[in-house]
Structure formats: C-alpha cells, structure tokens
Amino acid sequence: MVFQKPPDGGWGWVIVVVSFFTQFLCYGSPLAVGVLYLEWLDTFGEGKGKTAWVGSLANGIGLLARLGCGLLYTATVTITCQYFDKRRGLALGLISTGSSVGLFIYAALQRELIELYGLDGCLLIVGALSLNILACGSLMRPLESYGSPPSEKSCVDKVPDQYFAYHEKEKTVEENISILEKGYVDERCVNTPDNKQDCILNKNVLSSINVNEKDTYKKKVVEQTNFCKQLAKRKWQLYLNYWEETVVLFKNKVFSALFVAILLFDIGGFPPSLLMEDIARSANVNEDDYHMPLISIIGIMTAVGKLILGILADFKWVNTLYLYVTTLIMMGLALFAIPFAKSYLTLAMLSAILGFLTGNWSIFPYVTTKTVGIEKLTHAYGILMFFAGLGNSLGPPIVGWFYDWTQEYDTAFYFSGLCVSLGGFLLLLAALPCWNACAKQSSKMPPNTYSYKVAFST
C-alpha cells in the first residue's frame with residue numbers, strides 16, 4: 001500500500017491537535033499513577049511489590065482500559081507520520097507532549113479529587129473525562145492510498161486462486177443461504193423475458209440432480225463444506241502472511257535491537273514515574289521542602305524533552321537513532337544516581353533529568369519509521385508497543401519486590417539503570433557503520449561465508 005504524499009500541514013495540524021488531546025486524556029492519569037500508588041499502599045496495606053502491580057497494569061497490557069489506550073497511541077502516531085514528512089519530528093513532539101502535560105495536570109488534579117471525593121470518586125471523575133476521546137477520534141481522517149484501484153472486496157478475496165482448496169466458482173452469500181433455507185430449486189417460474197434465463201437454469205439444475213430430498217440434502221452439505229474450506233484456507237493464508245512479514249521485520253538487525261531496547265527501557269525507565277513519591281517518603285524528605293510533587297516535575301520536563309528532541313530530529317545533520325541511543329545511556333546513568341539522592345533538591349534535579357530523557361518517546365516513532373519504512377510502520381509499531389507495555393507491567397513490581405526484599409530502593413534502581421543502559425548499548429552495537437563494510441564485502445566472499453546486512457540508514 002502506498003499513501004499520498006504527506007501534506008506537511010493542512011488537515012495535518014488538526015490531526016496534531018486532536019492527537020495531543022487524545023494522549024492528554026488517555027495517558028495523563030495512568031502516568032500520574034504515582035499519586036494513587038501512595039493511596040493504594042495505605043488502603044490495601046500490602047507490600048510495595050504487590051501494590052505496584054496495580055499501577056504497572058494500569059500502564060501496561062493487563063487491563064481493558066490500557067488495551068484501548070494502546071490502540072489510541074498507535075493510531076495517533078501512525079496517522080501523524082502519514083500526514084508529516086519534513087516536519088515529522090516536530091509533529092510527533094507536539095502530540096507526545098499531550099501525555100506529559102496530562103501527567104503534570106493530573107498529578108495535581110488527582111490529589112485534589114482524592115481530598116474532596118475520596119479514591120473512588122477520583123477514579124469515577126477521571127473515567128468520565130476520558131469519554132472526550134470520542135470527540136477527538138471523530139476528527140481523524142487517514143490519508144487515502146493510491147497505486148491500487150479501490151475495491152469493494154475484502155482482503156480475504158485478494159488471496160490468489162492457487163491457495164484455494166477448491167477451484168470452482170464461489171457462490172455468493174445469498175446463494176448459499178438460499179440453498180440452506182430452501183433445499184430445492186424454486187419452480188415458480190413465469191415465462192417472461194425477464195426471468196426466461198432463470199427458467200432455463202432451473203431446468204438444467206433439475207436435470208442434473210436427484211429430486212429426492214435426501215440427495216438434495218447431501219448436495220447442500222457438500223456445497224457448504226466446500227465453501228467453508230475455501231474461507232478457512234483464505235483466512236489461514238492471511239495469518240501466514242502476517243507471520244511471514246513479522247519474521248522479515250526481525251531479520252532487520254536494528255529493529256530486533258530496537259525491540260530489546262524498548263523492552264528493557266520500560267522495565268527500568270518507567271518505575272521512577274510510579275515510585276518517585278514513595279522514594280522521597282522513604283528517604284525521609286522534609287515535607288516543608290516539598291515545593292512541587294516530583295511526579296509533576298517529571299511530567300513537565302518530559303513535555304519539554306519531547307518537544308526539543310522532536311525538533312532536533314528534523315535537522316538533517318542529526319542521526320535520530322544515535323540521538324535515541326544517547327538518551328538511553330544518559331537515562332541509565334541518571335537511574336544509577338537515584339540511590340545517592342537523599343534530599344528533595346537532588347531528587348527534584350534527577351526527576352527533571354529523567355523526565356527530559358523520557359521525552360525520547362517523541363523520536364521513537366521517527367526511529368521506527370526510518371528503520372522499517374512508513375508502509376510497515378503500523379505493523380512494526382504495534383509489535384514494539386506490545387513489548388513496551390509488557391515492560392511497563394513488569395518494571396514497577398520488580399522494583400517493588402527489590403524493596404520488599406532489601407528494605408531499600410538502592411538495589412532496585414541499580415537494576416533499572418543496568419536494564420536501560422544495556423538496551424542502549426545493544427542498539428548502538430546494531431547500528432554501527434561497520435556493518436556497511438561487512439555488507440559490501442559479502443558479495444566478494446565465498447558462497448558459504450555469512451555476514452550481517454545493513455538494516456538502517458539515514
């Protein structure tokens with residue numbers, strides 16, 4: 001499928017606005033779940049590891065609501081990439097700040113709602129606000145594809161005849177329903193010019209089959225069996241095509257490294273946004289020094305980071321993949337520094353750094369598009385977001401279990417920093433320019449010699 005040339009403006013700016021508010025409403029509350037985490041600890045009286053499952057599932061793949069958020073996020077990113085090319089980094093930066101601004105606002109909003117209406121009332125109001133996503137979705141118009149004539153047939157009908165179990169002409173749905181309901185050929189035929197041909201067809205059918213009802217029933221069963229086999233064969237072929245395309249994606253070195261990096265990034269990088277408030281409480285931070293919630297600092301700096309990194313991605317001299325790798329390695333170092341922060345000021349500074357570097361979400365779709373192409377973006381991004389959600393689900397409970405085990409967060413954040421740094425170094429290794437030389441030399445090597453193929457270029 002080939003899409004129209006991205007307009008880099010026009011209705012695209014409407015897409016940017018509605019995508020911004022979609023991410024604001026969808027991800028503001030889940031990302032600010034750190035405020036609710038303290039309430040859940042006091043309400044349920046469970047350990048930090050078990051309680052962290054509630055927040056992690058709220059941002060991962062475990063709940064129906066988050067399944068909807070995952071679909072919304074992929075939709076806003078892919079449609080923005082379709083509408084923008086030269087300004088893609090800026091557009092992605094703008095829409096992705098929606099979740100960060102939502103984090104900043106919802107952190108304070110949820111705190112006030114809990115004081116006024118309690119935990120249950122807060123969740124009800126937040127859920128009601130999310131209904132406004134319906135209005136945003138009504139304004140999203142995907143670009144039409146060209147290069148292939150529009151067809152009323154479904155994708156099932158596009159499978160080549162060689163995959164059919166039977167090669168006879170298929171009956172329409174109406175014809176098959178008629179066979180099942182009637183079980184016989186309608187003999188009510190009026191000799192008029194309009195249905196003269198139908199009369200001849202009925203006579204031919206009557207002469208070719210037994211009039212006996214038993215034989216007619218057998219014929220119907222055979223016809224329906226053939227129809228179901230053809231339909232099942234077509235569906236199966238579509239599933240095979242999907243998995244073949246998935247295998248092709250993972251043969252791309254950079255995509256495979258990106259897959260590992262995003263999984264490790266969410267395992268190690270998400271817990272601070274959920275647990276930073278509890279880290280401050282565990283460090284016995286004086287409440288008088290608590291000028292602003294740490295989760296709000298993370299939110300506003302994430303918005304700044306998304307916007308700045310998105311703008312940088314539009315410059316031709318900036319390699320977006322190396323920029324993304326740099327943010328991962330720096331974030332790993334910042335996570336290593338959390339155990340040494342014992343005051344509100346140092347925790348606030350680290351929160352600001354982590355928030356800014358988490359803004360690399362704005363260039364992640366850009367990197368994915370450069371890696372696999374715009375045509376495969378939806379497929380590739382869906383896979384990556386699934387494992388990102390899996391990382392979100394696993395990260396906070398692992399950190400919480402480390403605390404329950406050691407009664408401190410130090411070991412937990414050493415583990416988090418190791419995960420994020422490892423993902424960054426693996427991605428850097430997969431993108432090294434030396435693979436270009438290996439690919440060029442492969443043509444000169446003997447047939448039994450193997451080498452890597454370059455998978456990414458800018």
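How do α16 and α17 run relative to each other, roughly parallel or roughly antiparallel? Hold that thought for a minute, everyone, and let me set the scene. What you have on the screen is a predicted model, so please take everything I say this morning in that spirit.

First, the overall picture. The protein has 458 residues, and 46% of them count as buried. Its secondary structure consists of 18 helices and 2 strands. If you take the contacts between residues at least 6 apart in sequence, 82% of those join residues at least 24 apart. The accessible surface is about 24,400 Å², with 63% of that belonging to carbon and sulfur atoms.

Now, back to my opening question. The axes of α16 and α17 come within 8 Å and cross at roughly 150°. An angle over 145 degrees counts as roughly antiparallel, and therefore that is what we call this pair. The crossing of α16 and α17 is right-handed. On the α16 side, the contact is made by Ile398, Val399, Phe402 and Thr406, and on the α17 side by Thr411, Ala412, Phe413, Phe415 and Ser416. If you are tracing the chain by eye, look just after α16 for glutamine 407, which has a positive phi, near 60°.

Let's look at each of these two helices in turn. α16 has 30 residues, which at 1.5 Å a residue should span 44 Å; the C-alpha atoms at its ends are 42 Å apart, in agreement with that. One residue to pick out in α16 is threonine 378. Threonine 378 is partly exposed, because its relative accessible area is 46%, and that value lies between the 20% and 50% cut-offs. Its C-alpha sits 9.0 Å from that of valine 77, although the two are 301 residues apart in sequence.

Helix α17 covers residues 410–430, and its 21 residues should span 30 Å; its end C-alpha atoms are 31 Å apart, so that agrees too. Which residues of α17 are buried? They are Ala412, Phe413, Ser416, Gly417, Cys419, Val420, Ser421, Gly423, Gly424, Leu427 and Ala430. It may help to remember that an α-helix has 3.6 residues a turn, so residues three or four places apart point the same way. Phenylalanine 425 is also in α17, but it is partly exposed, with a relative accessible area of 48%. From phenylalanine 425 to isoleucine 329 is 7.4 Å, C-alpha to C-alpha, across a sequence separation of 96 residues.

α16 has another partner to show you. Helix α10, residues 253–269, packs against α16, residues 377–406, at an angle of about 30°, with the axes 6 Å apart. That makes this pair roughly parallel. The crossing of α10 and α16 is right-handed. From α10, the residues involved include Phe255, Leu258, Phe259 and Ile262, and among those they meet in α16 are Ala380, Ile383, Leu384 and Phe387. Ile398 of α16 is also on the list of contacts with α10, and we have already met Ile398 in the contact with α17.

One last pair, please. The axes of helix α5, residues 88–129, and helix α12, residues 294–313, come within 8 Å and cross at roughly 175°. That makes α5 roughly antiparallel to α12. Among the α5 residues in this contact are Gly89, Gly93, Ser96 and Ala107, and α12 brings residues including Gly299, Ala303, Lys306 and Gly310.

Thanks for listening, and I'm happy to go back to any of these helices.

Note on methods. Residues are numbered from 1 along each chain as its sequence is written. This is a predicted model: local features need pLDDT of at least 70, side-chain atom pairs count only at pLDDT 80 or more; totals for chains, interfaces and linings use all residues. Side-chain values use heavy atoms; hydrogens and water are left out. Helices (H or I, at least four residues) and strands (E, at least two) are DSSP runs, numbered from the N terminus. Buried means under 20% relative accessible area, exposed over 50%, partly exposed in between (1.4 Å probe, protein chains only). Contact means heavy atoms within 4.5 Å. Accessible areas come from the Shrake-Rupley method with a 1.4 Å probe; for residues, only the protein chains shown count as cover. The expected span of a helix is 1.5 Å times one less than its number of residues. Axes are lines fitted to C-alpha atoms, for helices over the stretch in contact, and angles run from 0 to 180 degrees between N-to-C directions. Angles under 35 degrees count as roughly parallel, over 145 as roughly antiparallel, 65 to 115 as roughly perpendicular and the rest as oblique. A crossing is left-handed if the near helix is turned anticlockwise from the far one by less than a right angle, and right-handed if clockwise.
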